[in-house]
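Here are a few exercises to work through at your own pace. Have the model open beside you and try each task before reading its solution.

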Amino acid sequence: MYKKNFGLILFFIMATLLFPILASAEPKILYATQRGVDTLWVLIAAFLVFFMQAGFGMVEAGFIRAKNTCNILTKNFMDFCIASLGFFMFGYAIMFGIGNNFIGLTGWFLNGAKSGANIPLYAFWLFQAAFCGAAASIVAGGMAERMKFPAYIIYSFAISVLIYPLVGHWIWGGGWLAKLNFADFAGSTVVHVVGGFAALIGTIILGPRIGKYNPDGSVNAIEGHSIPLASLGVFILWFGWFGFNPGSVLGVSNGDLIARVAINTNLSAAMGGITAMLFVWKLFGKPDLSMAMNGALAGLVAITAPCAFVDPWAAIVIGGIGGIVVVLGVMLLDKLNIDDPVGAVPVHGFNGIWGTLSIGLFGRASLGLANNGLFYGGGLKQLGIQLLGVTVVAIFILVSMGLVFKCIDKLIGLRVSREEELRGLDIGEHGMESYAGFQIFTTQ
Amino acid sequence: MYKKNFGLILFFIMATLLFPILASAEPKILYATQRGVDTLWVLIAAFLVFFMQAGFGMVEAGFIRAKNTCNILTKNFMDFCIASLGFFMFGYAIMFGIGNNFIGLTGWFLNGAKSGANIPLYAFWLFQAAFCGAAASIVAGGMAERMKFPAYIIYSFAISVLIYPLVGHWIWGGGWLAKLNFADFAGSTVVHVVGGFAALIGTIILGPRIGKYNPDGSVNAIEGHSIPLASLGVFILWFGWFGFNPGSVLGVSNGDLIARVAINTNLSAAMGGITAMLFVWKLFGKPDLSMAMNGALAGLVAITAPCAFVDPWAAIVIGGIGGIVVVLGVMLLDKLNIDDPVGAVPVHGFNGIWGTLSIGLFGRASLGLANNGLFYGGGLKQLGIQLLGVTVVAIFILVSMGLVFKCIDKLIGLRVSREEELRGLDIGEHGMESYAGFQIFTTQ
Amino acid sequence: MYKKNFGLILFFIMATLLFPILASAEPKILYATQRGVDTLWVLIAAFLVFFMQAGFGMVEAGFIRAKNTCNILTKNFMDFCIASLGFFMFGYAIMFGIGNNFIGLTGWFLNGAKSGANIPLYAFWLFQAAFCGAAASIVAGGMAERMKFPAYIIYSFAISVLIYPLVGHWIWGGGWLAKLNFADFAGSTVVHVVGGFAALIGTIILGPRIGKYNPDGSVNAIEGHSIPLASLGVFILWFGWFGFNPGSVLGVSNGDLIARVAINTNLSAAMGGITAMLFVWKLFGKPDLSMAMNGALAGLVAITAPCAFVDPWAAIVIGGIGGIVVVLGVMLLDKLNIDDPVGAVPVHGFNGIWGTLSIGLFGRASLGLANNGLFYGGGLKQLGIQLLGVTVVAIFILVSMGLVFKCIDKLIGLRVSREEELRGLDIGEHGMESYAGFQIFTTQ
């Protein structure tokens with residue numbers, strides 16, 4: 001009997017030995033690795049998106065005059081600080097908290113908040129907070145060279161704690177647009193339409209800079225003071241976008257998806273730069289670097305929504321059209337005498353719309369698994385949903401941010417005095433010079 | 001019999017097949033992945049910390065006058081080169097070698113050296129070497145615009161091969177402070193108190209720049225020549241700090257710890273920027289960008305020691321106080337007529353102390369597993385240990401670096417001639433101009 | 001019978017339960033993690049190499065005059081856009097497609113293309129495309145301040161779609177040099193000799209800038225307009241090189257190899273900076289920052305080929321000699337009245353050769369497993385192969401790129417008019433100023 005059952009007994013001994021290893025120990029190690037690696041990737045992506053703040057700062061500074069440089073850099077610097085704090089206190093709760101179709105209402109100060117992905121809450125928060133900071137920063141450029149600093153501080157608090165998180169809740173926080181299957185992989189609408197249209201209504205309310213438009217509506221070019229700064233900023237933004245889009249995969253288990261997002265991001269930017277340069281070269285006779293760089297940024301903005309759902313050839317087409325859109329957009333704004341010193345509206349607003357819509361035109365069902373587990377396959381129905389979503393968001397931003405800016409205007413005033421604007425906001429708002437010792441003409 | 005034992009035989013065959021897979025093959029693959037990923041993370045963090053060198057360079061250059069810009073950039077560039085070489089030859093052995101409570105004595109030229117974490121020695125070394133370079137670079141700013149270049153070369157060799165590694169051995173290399181359970185997660189004391197207090201004694205020995213203080217002790221502001229450079233530098237430093245602090249986890253298996261360190265780093269920096277700006281705004285009537293940026297750096301320095309041991313709300317408090325400390329520190333130094341052109345002492349020295357002490361006030365035992373496997377839970381006893389450690393280090397640096405600077409002064413002279421200082425060190429020390437072709441006033 | 005065989009039956013049940021877990025489920029998870037992590041690393045490395053584009057831009061801009069800054073930044077910006085598109089359409093197929101010893105002929109537009117490593121094709125492509133962009137960018141510096149913009153556009157298309165991929169196929173795509181066991185781990189030959197010698201033949205065909213050499217052959221220094229920009233650029237390049245070299249391991253399973261590559265890269269750069277500074281200090285009496293920075297770049301270029309095959313002490317020697325080579329190279333070119341405004345030829349061309357050869361002198365067989373699975377152990381035979389390979393590549397580039405430049409010259413002209421060169425290419429080619437508002441002298 002003993003002998004007969006020896007196999008049986010040994011088996012149970014072995015099984016007892018084997019099972020814990022199989023069923024518990026190793027999967028645990030595996031899980032730790034997977035979670036650690038996913039966390040790592042999202043954090044690295046968050047760092048890259050944070051670094052875009054430097055990119056925005058350098059682009060915006062380079063494209064405006066030296067006398068207002070310190071002012072825009074301060075705005076840019078402070079809006080990230082404020083976004084960090086505001087998104088910690090209220091923004092995250094509104095965006096990712098449990099609530100209804102329109103607003104999240106749990107997780108204030110991250111208390112009891114849940115992570116939106118299979119990574120630690122704090123990592124997910126940092127990634128999302130960097131996005132919030134980006135949306136806030138876009139506006140500084142459009143309203144540059146004439147907006148009061150205290151007004152900007154209030155604005156950036158408002159967009160970080162309320163406006164941006166609301167739209168984010170609708171699309172990424174399980175709100176009504178998410179339920180409609182609206183697709184926005186990395187934020188063409190959530191970040192760029194929000195930032196771009198806030199800049200649009202802001203610059204309309206502020207009015208153009210002194211001397212930008214003549215009484216007959218014709219345009220005086222106001223040149224940026226440092227093309228190297230702007231160029232550096234564009235490279236930093238492009239670099240940071242490799243965190244923005246591929247990071248939105250929120251994990252590394254699907255390496256193929258990250259890779260597709262990355263190649264699409266790069267190809268769209270490259271083609272946007274090429275078409276914008278060629279288009280402006282044809283129109284005005286010279287290959288203008290500012291426009292080429294804005295073309296690349298346009299390509300980046302446009303591919304942000306569809307990057308996970310399209311093939312590389314489609315990314316090239318989307319970016320290429322983005323480069324055209326930005327040139328036409330700049331011309332349109334000038335025609336309307338809307339003064340957007342750095343092109344924030346055409347780059348982020350118009351191309352945010354274009355990128356959002358492009359999913360309906362180029363999305364491939366077999367490719368696109370989005371964060372919410374739904375497939376976005378393009379087609380007329382998807383195009384309709386995209387159009388609805390982006391239109392509502394754009395209108396919501398125009399109205400809500402219009403209200404914010406009007407309130408600030410009543411409260412403390414939105415625009416600096418004529419004297420301060422002529423002398424420069426660096427001295428007026430901050431008592432500093434950006435380039436102490438340099439001989440700089442300010443006849444413009 | 002054959003039939004009876006068929007199960008037994010088959011079992012042994014299967015077990016023979018199964019066991020190697022279970023017990024060896026897969027864990028090996030797992031181990032390789034884990035080690036590879038840990039290595040990857042520490043290396044990426046090392047790259048980010050290396051990039052901080054550019055941040056230091058741009059901040060220091062931006063905050064001084066154009067005529068000394070090339071000089072400080074050369075110092076900044078060379079001190080990393082020298083730190084790399086010196087830390088390879090001697091520094092690592094003194095810091096992480098086997099020895100006694102005060103000094104490590106094995107692993108010269110990395111021969112027979114051991115890695116301080118479960119990653120390859122070479123990866124661990126690179127991470128640590130980048131820290132060493134950071135400590136060395138901090139000093140350049142405090143002693144800017146008047147220190148001889150050859151003197152700086154000798155100084156940076158001395159701090160890299162001996163002074164920094166000694167303190168590092170005490171705290172991170174198993175020395176007497178480690179044994180006392182002194183807590184410094186990522187180097188508020190090891191890097192920033194060392195760098196900041198070396199800058200303090202250096203600038204005292206050098207004396208103030210010509211024209212900085214009037215005979216009655218009143219202060220003449222000497223403005224930085226490029227706020228955009230400084231702003232870019234601060235963003236690069238903040239970006240690099242995401243390697244400095246989260247990288248100090250030295251692996252990815254604890255993704256939650258990395259995430260907490262990252263969010264704390266960001267929130268402390270943001271709040272430091274906000275409080276410094278508000279405080280200086282209230283004191284002097286204008287929101288000064290230089291001070292806001294130094295406030296963010298102060299927040300980063302302060303959170304460096306406690307980042308792993310505190311909750312996000314505490315990180316906000318620590319950073320917020322850091323922003324106040326830096327403003328008061330700048331005012332104190334001016335009162336004492338100690339000329340620190342870029343604020344290196346308040347940012348790194350004073351906030352290094354504050355951050356080190358803050359563990360005693362805000363540390364939570366349930367959070368804090370440090371590199372050495374000990375928990376740091378705050379409390380009066382921990383506060384006492386922190387106070388002891390940071391005081392001894394500060395005094396040691398003042399004395400040892402004081403000796404180093406005095407020796408260099410005797411040997412080859414520490415300060416350039418009056419004529420050279422007035423004309424600028426770029427021409428005097430390097431025969432170069434930083435901005436050839438630009439019209440720059442040097443009446444200051 | 002039932003009882004007797006109970007063990008047997010149970011075993012089969014258990015085995016049926018166990019096997020899928022062992023043989024399929026877990027290894028699959030493992031595989032996903034490994035592949036995801038490898039993809040992640042190569043993508044992060046690709047992002048870093050992309051960012052080098054900003055580094056090239058800032059170095060090249062900083063080392064030339066303000067009046068041509070916008071022009072070189074446009075070239076630098078557009079060549080990456082063009083390289084992205086060209087390498088997508090044709091370049092990758094020629095470099096990594098199946099074909100013969102000299103050219104690949106499959107995978108046009110990535111259709112049916114295979115990845116060159118165990119990561120997704122799109123990730124491998126992005127990494128390789130960034131390399132292609134780097135090779136293209138090197139040339140802009142050598143031909144700066146006098147080359148027509150449209151000519152540059154055509155050139156960058158030619159090098160991206162044909163010349164660079166051809167050499168790449170020979171060495172990394174399984175071509176004749178790969179079969180000869182020619183060793184170039186990360187591209188001292190593939191990228192830097194290609195870029196450097198294209199710059200050499202280009203600058204010879206263009207001729208020197210107006211005013212650079214006197215009729216008697218003596219040299220007039222033409223100073224760079226912004227040392228801070230150049231310094232920032234060098235730091236960005238060094239930072240990006242941590243993607244260039246360690247990323248070429250193409251996966252993380254061998255963490256020790258990545259770590260060795262990283263430490264070697266850093267030590268070689270540091271020593272190159274030190275020896276170049278000391279050498280130029282001894283020769284001309286002043287420690288010149290431009291030369292020290294070029295020395296570090298020389299060290300980076302030189303270690304690129306051998307980084308995986310040598311010990312850290314050898315990396316120090318290789319970088320140290322690189323720093324000497326670059327100083328001698330600059331002097332040699334001036335002696336020959338070959339005008340290379342930024343030192344592209346000595347840094348990339350001469351040190352590319354030196355680094356390639358150094359494998360024969362310092363390679364250690366026990367260390368070096370290359371991408372193609374071969375060991376490179378140094379020795380006279382390997383040295384001979386290295387010499388053959390790099391010589392053939394250098395000659396091929398001189399001839400083929402010479403033809404390209406000559407064709408462009410015939411077609412649309414290579415050099416701007418004397419008037420435009422004197423006034424600056426920013427106005428002439430782009431109708432823009434780099435520093436609007438600044439007072440800048442252009443008497444040079």
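Three exercises with worked solutions follow. This is a predicted model, in which local features need pLDDT of at least 70, side-chain atom pairs count only at pLDDT 80 or more, and totals for chains, interfaces and linings use all residues. Residues are numbered from 1 along each chain as its sequence is written, and chains are lettered from A and ligands numbered from 1 in the order in which they are written.

**Exercise 1.** Describe the fold of chain A.

Step 1: count the elements. Chain A has 14 helices and 0 strands (DSSP runs: H or I of at least four residues for helices, E of at least two for strands).

Step 2: look at burial. Of its 444 residues, 66% count as buried, that is, with 20 or more other C-beta atoms, placed from the backbone, within 10 Å of their own.

Step 3: take the contacts (C-beta atoms, placed from the backbone, within 7 Å). Among those in chain A with a separation of 6 or more, 76% join residues 24 or more positions apart.

**Exercise 2.** Find the operation that lays chain B on chain C.

Step 1: superpose by least squares on C-alpha atoms of residues with pLDDT of at least 70 in both. A turn of 120 degrees with a shift of 0.0 Å along the axis gives an RMSD of 0.0 Å.

Step 2: interpret it. The two copies are thus related as by a three-fold rotation axis.

Step 3: locate the axis. In chain B, B:Gln439 comes closest to it, at 3.3 Å (C-alpha).

**Exercise 3.** Is C:Ala296 buried or exposed?

Step 1: place C:Ala296 in helix α9 (residues 289–304) of chain C.

Step 2: count neighbours. C:Ala296 is buried, with 32 other C-beta atoms within 10 Å.

Step 3: list partners beyond four places in sequence. The contacts of C:Ala296 include B:Cys81, C:Val234 and C:Trp238.

Technical notes. Buried ≥ 20, exposed ≤ 12 C-beta atoms within 10 Å, placed from the backbone. Contact = placed C-beta atoms within 7 Å.
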